[in-house]
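Good morning, colleagues. Thank you for making time for this short presentation; please look at the sequence and the model as they appear.

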Amino acid sequence: MADKEEQRTKKTKNSPSCLGYPISIFFIVVNEFCERFSYYGMKTVLVLYFKYFIGWDNDFSTTIYHTFVALCYLTPILGAIIADSWLGKFKTIVYLSIVYTIGQVILAISTIHDITDTNKDGTPDNMTFHIAMSMLGLMLIALGTGGIKPCVAAFGGDQFEDHQEKQRSTFFSIFYLSINAGSLLSTLITPILRAHECGIYSKKSCFPLAFGVPAALMVVALIVFIAGHKMYIVESPKGNILLRVMKCIGFAVKNRFNHRSKQYPKRQHWMDWAEEKYDKLLIAQVKMVLKVLFLYIPLPMFWALFDQQGSRWTLQATTMDGNFGSFIIQPDQMQIVNPILIVMMVPIMDSAVYPLIKKCHINFTPLRRMTVGMLLAALAFVAAALLQIQIDQTMPNFPSSSQAQVKFLNLENTSLPVVVGGQEPFAVPGFDSSNEYMTLDTENVTISAGGKNTTAYFQKETRHTVLINTDGIRQTLNDITEKPNQGMNAIRFVNGFRSHLNFTIKSDNLGPIAPLQGSGYLNVSHGKVNFTIVNEGGQTCHYILQLGFGSSYTVLIPSNFSFGESCTESIKAIQDVEPNSIHLAWQVIQYFLMTCGEVVFSVTGLDFSYSQAPSNMKAVLQAGWLLTIAVGNIVVLIVAEAGSLPEQWTEYLLFASLLVAVSIIFAVMAYFYTYMDPREIEAKFMELEPEDKKKKALEMTTKDNLANENNETSDNTDIKQTKI
């Protein structure tokens, strides 16, 4: 064992370095940047691939997506076992990166629609092939990306000498910076690549390019990592560590249970009951691992809040105004704020904030940093809750589960009297709708429009616009009962003209709409939108409507409409749902707080996990750290589904309160935690190991001698009995 340590020290001293850092970490950081670009770039457009290429609905696409992400955070356990038990970190990274690369290539191939498009109509003729290829690719990617997760950071830490703790800590910051730089660029670039149209026979959304570039980056990551193999410090695996640890723990529990009587003296630690069978060095290493894993128990709550940036916060962004003047930010693009702030905050924290705190003689230990990070994340959710309250005040009053809402649209040029359910009559102006929705508590209601009575049925929790003229009710349109998704705008048309009209928005043709009838909704993005109206004779009229975010319009073509230069003057756009009025920039506050929390929590946690881990179990602890992320996502499902809170802001406050409570528990645990130097502890027990082995060997010899004497006595007794 001492020879191995000596060999490692010599190799470390002879390894090339630059500015006090091993040159080998350059290859590791570049590898991580390319791998994260590959992963996040692929993941950014994955759901769109499921929905628009394969044709799955929203629910099933989401299910497959989250199943894939869950696998990516569960397979690190397998990668850690392989690295620490059999192959070592270097070979594990190389072999699983090859698997990873093959998976990315297979996934990219599965997106080429021309492979099975035999009739050249732009639609694959054998969708089973594409689904099978994509699922195979995703499984290989999940195995690859998850398998190398716990190994790369730990392998980077192995490149530093024992006295380079400061450089190693900086490396983890640079390492985390490379992760966010890769995710930032890929989140920006791959959606642009997908938006292009490509194909051999027919042009479609360019998923092959959107997935092909991440595959190419994974090839680069593999080549760069292998290129530095001569400079790496490669430690050999220590055997099947996980199995030995589990057996050691199992024996300690069993032995303690068998000696639970008061006649047996208590031992300092319950793991000491394994001393009868296992070396003190292994027992000491297990104690260190259990000590750190115990601290991991509260950590998933942080990730439960952090991962909602891609779900709850994105949904919140769909109800906000993303117009920044010279450019437009879509709701799902707000997630870019996190990696942008990470790239800015990591150097600031390392070069300015931490040194300043140290100069103020404040003992800002790693566990205290992590506690502060958790509190900052909770504060971010308080900011999200306050913002949600402001948004809710601007939201329409949609019907509850026991109500229905109705308003009327008059297709005549004169006002019409309307009576609903025996209430006071009111007049609806010509070519207009009543300004407010009426709330109904009953599903069946008698409506009098234009002097004609009709019994109408309105299902609870729905909204309707009733088209009326002098003949009574012409049609009942179903209105939206929530803001359009992703900041889109819901547009529909009502033909009050006396002939069929055809409506076209860009390349979308709604088909002919009959007189006194309305169309369904069409989702349109922000900005100036040109609508083309064509009559049966081929005459056209172009109408431009300026759209914001999250609005709903009913465009009414009145009976006095006429084609010509002034055709747009009589068209009326009725606003059913107002556009978002709270600006998206307000979300930057909660993103800033969450990013500060992430920098303080996550970067520190990586360094802490490495520094407190035994030499032969570092990858296992890295896998345990990643496992807290998977558990955090499960916490989101439990709280969000089981809570069923009526208001979104109350759910934000619930998560914030839970994290504050967990932070207090973690702070108490951190207060009683004693920092360890695993190298010193292992060195101490390695010095005692030969004596322990001699002692155990002597004890075993004594037991064997006693056993032999007992056997001889037994044999002599048998001889005497035989003689008798």
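**A salt-bridge network and its surroundings**

I begin with a group of four residues: Lys407, Asp479, Arg492 and Asp576 are joined in a network of salt bridges. Before going further, I should state that the model is a predicted one.

Let us take one pair from that network. Asp576 and Lys407 form a salt bridge through their side chains, at 2.7 Å from N to O. The two residues are 169 positions apart, and the pair links distant parts of the chain, with Asp576 in strand β22, residues 572–577, and Lys407 in strand β5, residues 404–410. Are these two residues buried or exposed? Asp576 counts as buried, because its relative accessibility is 11%, which is under the limit of 20%. Lys407 is buried as well, since its relative accessible area is 3%.

In total, the protein has 10 salt bridges by the rule applied here. A second example joins Asp471 and Lys452, whose side chains meet at 3.8 Å, N to O. This pair also links distant parts of the chain: Asp471 lies in the loop between β12 (462–469) and β13 (472–479), Lys452 lies in strand β11 (residues 452–457), and 19 residues separate them. Asp471 has a further partner, Arg474, and the closest N and O atoms of that salt bridge are 3.8 Å apart.

How accessible are the three residues of this group? Asp471 is partly exposed, because its relative accessibility is 46%, a value in between the limits of 20% and 50%. Lys452, at 40% relative accessibility, is likewise partly exposed, and Arg474, at 35%, counts as partly exposed too.

Strand β11, where Lys452 is found, brings me to the sheets. Which order do the strands follow in the open sheet of four? The order is β7-β6-β10-β11, and the pairing is antiparallel. At the edges are β7 (426–428) and β11, each of which pairs on one side only. With direction ignored, neighbouring strands of this sheet are turned by 35° against each other on average. Within the sheet, β10, covering residues 444–449, and β11 pair in the antiparallel sense over six bridges. To find the pairing on the model, one may look at Val445, which stands opposite Ala456 in β11.

Another antiparallel pair deserves our attention. Strand β19, residues 527–535, is joined to β20 by eight bridges. These two strands form a hairpin with four residues between them, and Gly538 in the turn has a positive phi of about 90°. Phe531 has Tyr543 in β20 as its bridge partner.

Strand β20, residues 540–547, also shows an alternation of side chains. Cys541, Tyr543, Leu545 and Leu547 point to one face and are buried. Thr540, His542, Ile544 and Gln546 point to the other face and are not buried.

I turn now to the surface. Leu375, Val660, Ile664, Val668, Tyr671 and Phe672 make a nonpolar surface patch of about 640 Å². Which helix gives the most to this patch? Helix α17, spanning residues 648–671, gives the most, with four residues. Val668 is located in helix α17. Why can Val668 take part in a surface patch? Its relative accessible area is 43%, so Val668 is partly exposed, and patch residues must have over 30% relative accessible area.

One more residue may be noted, in helix α3, residues 46–54: Tyr52 is found there. Tyr52 counts as exposed because its relative accessible area is 56%, over the limit of 50%. Tyr52 and Ser205 are 153 residues apart in sequence, yet their C-alpha atoms are 9.0 Å apart in space.

Finally, let me place these details in the whole. The protein has 18 helices and 22 strands. Of its 724 residues, 48% are buried. Its accessible surface comes to about 34800 Å², and 59% of that surface belongs to carbon and sulfur atoms. Among contacts with a separation of 6 or more, 73% are between residues 24 or more positions apart. The salt bridge with which I started, between Asp576 and Lys407, links residues that are 169 positions apart.

Conventions:
Residues numbered from 1 in each chain as written. Predicted model: local features only at pLDDT ≥ 70, side-chain atom pairs only at ≥ 80, totals over all residues. Heavy atoms only, no water. Buried < 20%, exposed > 50% of the residue type's maximum accessible area, 1.4 Å probe, protein only. Pairing = 2+ DSSP bridges. Axes fitted to C-alpha atoms, helices over the stretch in contact; angles between N-to-C directions. Patch = residues over 30% accessible without salt bridge, like charges linked within 9 Å, V, L, I, M, F, W, Y side chains within 5 Å. Areas by Shrake-Rupley, 256 points an atom, 1.4 Å probe, with all protein chains shown as cover. Contact = heavy atoms within 4.5 Å.
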